[in-house]
Amino acid sequence: MYSGAHTTAFKRITAAVVIALSVLCAQAGTRYISPQGSDANDGLSPASPLLTADKALSLGADVIVCEPGIYFQHINLRLTGKPIVTIRSASASARAIFKAPECILLADGTERPEGGKVFSFPIGDNVQIHDRNNRIYQEGIPDRNTLISPHERHSLQGDASYRCRATIIHRCVATTLTQAMREIEASDSCKWFYDTANRRIYLSRPAQSSPAHAICYSRGANLFSGAYSGTSVDISGIEAWYMAVNVSDMYQPMLTACAARYVFSGGAFYWHNSTDATFIECEAESAAYGNTGDGFNGHSTPGHRTSATLIRCWAHDNCDDGFSDHERCSSTILGGLFEYNGKAGVTPAYGSHNYTSQALSRRNFNGFYCVGTVEDPTDGPGSMTCTDCVSENNTRRPTPLFLFPAREATGYGFAVDGTGNSATIIRCQSISDRVPHHATPGTSIKIQ
């Protein structure tokens, strides 16, 4: 029979064993990665980090802690059978940046002067140059056209001096090399041309740049290369460059303080057929795909009810809309800044249902705009409700970057288009928009 002392000692030992086992289990589920790591390590501590997230997943990780720095890799969620994977930066003040490994075009010393401000470099056989509004970016040099003026300073911009951290190099209108050389020399902005005959890119750099600054070509790629595995994600403090952040088909994905930049895709962030996707203080920058490219983009196929919530997000300089969800989607936007997008700041479309509160949409083609013919009659017409929102100076013409027809901006502040669609505007302001409120025939708009 145990004495009281023995019983107490036994309880302490049991508790210690339970704690030790819990720590071991937690360690087994958590792996650390670093740009300076090695997949020959075990990844169980910051002192022995792995190099790739894929290796961490293959070792059974359901939590991946990323040291700040730059990773040239995708993340293949098909490597795990976990219902949810957490991926987070190890630092609350610095992000881990994942860049598409296919996108680096120019290494030091490979450029060739062509006379004047034009130089060229060869394109490897592994790079396919598409013909739909692709962009080339000069890294390391902020785009001078995106300088944030003092009167447009917003808390969601953080300490950024420019909206875009890389300079966009525009594709030439010219169709021959001789014409392109003249166009590049004469242009005030940076231009590029691809000569298919000798597989060379001809372009001009921003004035402050040097061969040490990489030049990158954006094409279609996703951060999560196996996003359709049935696994959901909880990610924080992660940036994707030249890749979309795709959380399609996921249940309750959560993204906090993340960014997607310079994406050749229909959306920088997209959540097709997802349920209750949540984006908190995320930034969507410079998405392009032909005439489209939304900052935040959702679609739904028949039989699904796709849903998303955005909380204090920033969408800017995207080819199409800052935010746009579509057929059979429902969404909520709480706060946020939507600016300098090629079409509208916030656009529920083709039968989606959106509620937006306390958001600012400015310097877009339009401000808040519910559009489109309903694609699924069983879902009914689309709807938009805006409460305490501000639409400001939405009179921009599309820039040459966008392939939309050259025309003046319609400049709607709050508008609805598409038969049967409706909009309700409650305590909202339209400041210096060309048309404060607009409804086409067959729609309804209620101003309260």
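Which residues of strand 11 are buried on one side, and which on the other? In this predicted model, strand 11 spans residues 200-203. Arg200 and Tyr202 lie on one side. Ile201 and Leu203 lie on the other. All four are buried, and both faces of the strand are thus covered.

Strand 11 pairs with two strands. Strand 7 (residues 118-122) runs antiparallel to strand 11, and 4 bridges join them. Within this pairing, Pro122 is the bridge partner of Arg200. Strand 10 (residues 191-195) is also antiparallel to strand 11 and is likewise joined to it by 4 bridges. Here Tyr194 stands opposite Ile201. Strands 10 and 11 form a hairpin, with 4 residues between them. Arg199 sits in the turn of this hairpin and has a positive phi of about 50 degrees. Arg200, by contrast, belongs to strand 11 itself.

A second site centres on Asn366. This residue lies in strand 30, which covers residues 366-370. Asn366 has a relative accessible area of 4%. The cut-off for a buried residue is under 20%, so Asn366 counts as buried. The Asn366 side chain reaches the backbone nitrogen of Gly411 at 3.3 Å. That distance falls within the 3.5 Å limit for a polar contact.

Contacts of Asn366 beyond four places in sequence involve several segments of chain. Lys343, Ala344 and Gly345 are among them. Ser361 and Asn394 also contact Asn366. Thr410, Gly411 and Tyr412 complete the set. Gly411 therefore appears both as a contact of Asn366 and as the residue whose backbone nitrogen its side chain reaches, in the setting of a buried Asn366.

Note on methods: Residues numbered from 1 in each chain as written. Predicted model: local features only at pLDDT ≥ 70, side-chain atom pairs only at ≥ 80, totals over all residues. Heavy atoms only, no water. Buried < 20%, exposed > 50% of the residue type's maximum accessible area, 1.4 Å probe, protein only. Polar contact = N/O pair within 3.5 Å; in protein donor to acceptor, adjacent residues only side chain to side chain. Contact = heavy atoms within 4.5 Å. Pairing = 2+ DSSP bridges.
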